[in-house]
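Me: I am new to this structure and would like a close look at a single part of it. Please take me through that part slowly, in connected prose.

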Amino acid sequence: MAFKTRITEMLGIEHPIVQGGMQSVGYAELASAVSNAGGLGILTALTQPSAEALRDEIERCRSMTDKPFGVNMTVFPTINAPDYKAYAQAIIDGGVKIVETAGTQAVREIWEMLKPHGVTILHKCTAVRHALSAEKAGCDIISIDGFECAGHPGEDDIPGLILIPAAADKVKIPMLASGGFGDGRGLIAALTLGAEGINMGTRFCATKEAPIHDNVKQAYIDNDERGSFLIFRSLKNTARVGKSAVSEEVVRRLSVPDATFADVAELVNGKAGRELLETGDLTKGVFWAGMVQGLIHDIPTCQQLIDRIIADADAIVDQRLAGFRR
C-alpha cells in the first residue's frame, strides 16, 4: 500500500520519505538509491568543493536515476563563506526542482534566486516560530526537526512528540517530521501527529549505498538510543554527534569555564570528519548521529529499508491499530 500525502504529490515521489542533506554523505550514490526506491534523495551542495563540481554531481545523479531528487543548501555564518549564489546558480543550471535549505535567514536570498525557476523549497526548522516565519516568507514545505535529531537541534530542546503537533497546529503548508525516524512505526506516528512524511538522516547513513566506511555504519548499530553527545552547548550552537572517545573529549574540553571553539577545533573540523567517514578511523573526528541509533540493527539497501518501512506502516494501520477498535 502506498501512503499518499501532499508531500508525495508536491515532490512527485511514491513514498513520503525524504533523505535529508548530510555533509560529506549526500553524494549521487545515496541520493539516487533513495529516489530509485521511491523516496526523495538529496545531494548536499556544500559537500562539493565548487559550484562546477556540484553541476557535475547533479548530472551524475541524473544518470543514476530518472526519479525526482533534490539538493541541500545550508547557509551558516562562517569566516570563509562559500559562494552560496554560485552554488544556487549551479542548481538552477542543473534543472533541479527541489531544494532543501537550512540555516540563517540569509538563506532567503537563495530562495529569491530559486523560486522564479519553479523550484520547490523544503526548509528545515527546529522551532514552531521559525517554521511560521519561513512559511510567511514563501517556502513550500517545512521539515520540523525535533531534539532527537543528528546535527543541530536548536537550543529549545523540544522533542518531536511535542514539536511536531505543535507545529502542525499552526503551519498550513505541508510538513515533514525529522529527528528520531527510522522505521514504519515512526512514519505512522509522524502522520498521526500532523506531518505528511518523514525526513531521515542517520538511518540512511546506515545503508549499503551510503558512501561512508563500514566502521562508521557499524558504530550506528553498536550505539543505542543513549549513543550520542550534545556538543557546543556552551557556545549556543548545540550539535548532536555519535558517542565516541573523540566526542567525549570534545564535551570534556568545552565543560571548562571560558572554553572556546578553538579548544576543540582540531577534533571537530570538516577535514577531520571527512577523514573519519572515508577511513573508518573513529579517532580522527566526530560523526553526526541521532538518537535513532537505538532503532538501527542492520545495514540494508535503501530499497530494502524503504520497502520495510512502508510494509510495517501498512501492517500497523491494518492490523495493530484496527485491533484496538471495538
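Reply: In this predicted model, serine 24 is buried, because its relative accessible area is 10%, which falls below the 20% under which a residue counts as buried. Serine 24 sits in the loop between strand S1 (17-19) and H2, and its phi is near 65°, a positive value in a residue other than glycine.

From that loop we can pass to the helix that borders it. Helix H2 covers residues 28-36, and its axis comes within 9 Å of the axis of helix H3 (residues 51-62), the two crossing at roughly 35°. The crossing of H2 and H3 is right-handed. On the side of H2 the contact is made by Ala28, Glu29, Ala31 and Ser32, while H3 contributes Glu57, Arg60 and Cys61; by character, the residues of this contact divide into three nonpolar, one polar and three charged.

Ser32 of H2 also leads on to another loop, the one between H3 and strand S3 (69-75), where threonine 65 is found. Leaving aside its neighbours within four places in sequence, threonine 65 is in contact with Ser32, Ser35 and Asn36. The side chain of threonine 65 also reaches the backbone nitrogen of lysine 67, at 3.0 Å. Threonine 65 has a relative accessible area of 7% and is therefore buried, by the cut-off of under 20% that was applied to serine 24 above.

Conventions: Residues are numbered from 1 along each chain as its sequence is written. This is a predicted model: local features need pLDDT of at least 70, side-chain atom pairs count only at pLDDT 80 or more; totals for chains, interfaces and linings use all residues. Side-chain values use heavy atoms; hydrogens and water are left out. Axes are lines fitted to C-alpha atoms, for helices over the stretch in contact, and angles run from 0 to 180 degrees between N-to-C directions. Helices (H or I, at least four residues) and strands (E, at least two) are DSSP runs, numbered from the N terminus. A crossing is left-handed if the near helix is turned anticlockwise from the far one by less than a right angle, and right-handed if clockwise. Contact means heavy atoms within 4.5 Å. Ala, Val, Leu, Ile, Met, Phe, Trp, Tyr, Cys and Pro count as nonpolar, Asp, Glu, Lys and Arg as charged, and the others, Gly among them, as polar. Buried means under 20% relative accessible area, exposed over 50%, partly exposed in between (1.4 Å probe, protein chains only). A polar contact is a pair of N or O atoms within 3.5 Å; within protein, one must be able to donate a hydrogen and the other to accept it, and residues adjacent in sequence count only if both atoms are side-chain atoms.
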